[in-house]
Amino acid sequence: KKKITPKDDLNNKNQITDIKSQNIYSKMIKIPDSIHFEFHRYLYLIESFLSTTFNHLKNPLLPTNSRIGKKYVVIAPGANEAFRQWSVQQFAQLTDYIISNFNLTVIISGNQSEEKLGQYILQESSFKDRIENRCGKTNLIDYCILIQNSQFIIGNDSSAIHIAAATNTTAICISNGNHFSRFNPYPKEVSQNIHYIYPFNPNNSYNIYMNKYRTGSKLDINLIKFDEVAKLVNHLAENKL
């Protein structure tokens, strides 16, 4: 009988579409401009709708059996838009680097449209018997379990990184800074297990990059070099393995 939605900030659509939306919904809740991160935006919406406050987060409960029987790393080479995908050639190089240096199995994950990315990585590898291409072969729950039971995951700014945050899995997110502060990086109070690599260093100038890239970034993600990612992989492996 009622349709309620947050009032759009026109980040991904124009004003004409927004006006049309107003005729669809019976109520539109305005999210304060001071709330940037998407999780907090939804939290505000739900608290406003229910007239209550949530004081803590609860992670989903998933089975802990990996069903694989060996230590593995998940590689997620896909993303919805090509400009948010680090080159598959560098993911292939990284896969062999992980296997040869840390004696781990690598599982390539993603949806069915990303299966070719997995096939390319497998074809280019010198360790084909240590790689599984599971793109398009897992349902959502199995995908979450796969990520939760990995040593860590490496991917673009995509669903895999958000699943890692929800399951408290260590992850490396490779991002060109698109929608910076909206979807990444995660605030510390929400998740502390995601490590980010951008074409810039946001540590000392967070607000500057937030204002510059919160509505989108056209930076080339391949400005991020292989050695930068490999260095972070080394750091994580020292602490996880």
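**Figure 1. A salt bridge joins E132 and R134 in this predicted model.** Here the side chains of E132 and R134 come together, with N and O 3.0 Å apart. How exposed are the two partners, E132 and R134? E132 has a relative accessibility of 25% and is therefore partly exposed. R134 is partly exposed as well, at 23%. If you would like to look for others, a search of the whole structure finds 5 salt bridges.

**Figure 2. K30 and D33 meet in a salt bridge.** The N to O distance between these two side chains is 3.0 Å. K30 has a relative accessible area of 45%, so it counts as partly exposed. D33 reaches 63% relative accessibility and is classed as exposed, because the cut-off for that class is over 50%.

**Figure 3. E81 pairs with R84 in a salt bridge.** In this view the closest N and O atoms of E81 and R84 are 2.7 Å apart. Which of the two labels, buried or partly exposed, fits E81, and which fits R84? E81 is partly exposed, with a relative accessible area of 34%. R84, at 11% relative accessibility, counts as buried, because buried means under 20%.

**Figure 4. Three charged residues share a salt-bridge network.** The members to find here are E38, R41 and R182, which are linked by salt bridges.

**Figure 5. N178 sits in a loop and reaches the backbone of S217.** The loop that holds N178 runs between β7 (171-174) and β8 (194-197). N178 is buried, with a relative accessible area of 10%. What does its side chain reach? The partner is the backbone nitrogen of S217, at 2.9 Å. Leaving aside residues up to four places away in sequence, N178 touches F83, R84, D157, N184, Y213, G216 and S217. One of these neighbours, R84, is also the salt-bridge partner of E81.

**Figure 6. F180 and Y198 form an edge-to-face aromatic pair.** The whole structure holds 12 aromatic pairs. In the one formed by F180 and Y198, the ring centres are 5.3 Å apart and the planes are at 75°. This pair links distant parts of the chain, 18 residues apart: F180 belongs to the loop between β7 and β8, while Y198 belongs to the loop between β8 and α7 (206-213). F180 and Y198 are both buried.

**Figure 7. Y209 and Y213 form a stacked aromatic pair.** Their ring centres lie 6.2 Å apart, with 10° between the planes. Where do these two tyrosines, Y209 and Y213, lie? Both are in helix α7, 4 residues apart, or about one turn of the helix. Y209 and Y213 are both buried. Together with F180, Y196, Y198, F200 and Y206, they form one aromatic cluster. Y213 is also among the residues that N178 touches.

**Figure 8. A nonpolar patch lies on the surface.** Its members are I4, Y42, I46, F49, L50 and F54, and together they have about 600 Å² of accessible area. Which element supplies the largest share of the patch? Helix α2 (residues 38-50) does, with 4 residues. I4 is found in strand β1 (residues 4-6). With a relative accessibility of 31%, I4 counts as partly exposed, and it can join the patch because members need over 30%.

Conventions. Residues are numbered from 1 along each chain as its sequence is written. This is a predicted model: local features need pLDDT of at least 70, side-chain atom pairs count only at pLDDT 80 or more; totals for chains, interfaces and linings use all residues. Side-chain values use heavy atoms; hydrogens and water are left out. Buried means under 20% relative accessible area, exposed over 50%, partly exposed in between (1.4 Å probe, protein chains only). A polar contact is a pair of N or O atoms within 3.5 Å; within protein, one must be able to donate a hydrogen and the other to accept it, and residues adjacent in sequence count only if both atoms are side-chain atoms. Contact means heavy atoms within 4.5 Å. Rings of Phe, Tyr and Trp (its six-membered ring) pair if their centres lie within 6.5 Å; planes under 30 degrees apart count as stacked, over 60 as edge-to-face and the rest as tilted. Patches are made of residues with over 30% relative accessible area and no salt bridge: like charges are joined within 9 Å, nonpolar side chains (Val, Leu, Ile, Met, Phe, Trp, Tyr) within 5 Å. Accessible areas come from the Shrake-Rupley method with a 1.4 Å probe; for residues, only the protein chains shown count as cover. A salt bridge is a side-chain nitrogen of Lys or Arg within 4 Å of a carboxyl oxygen of Asp or Glu.
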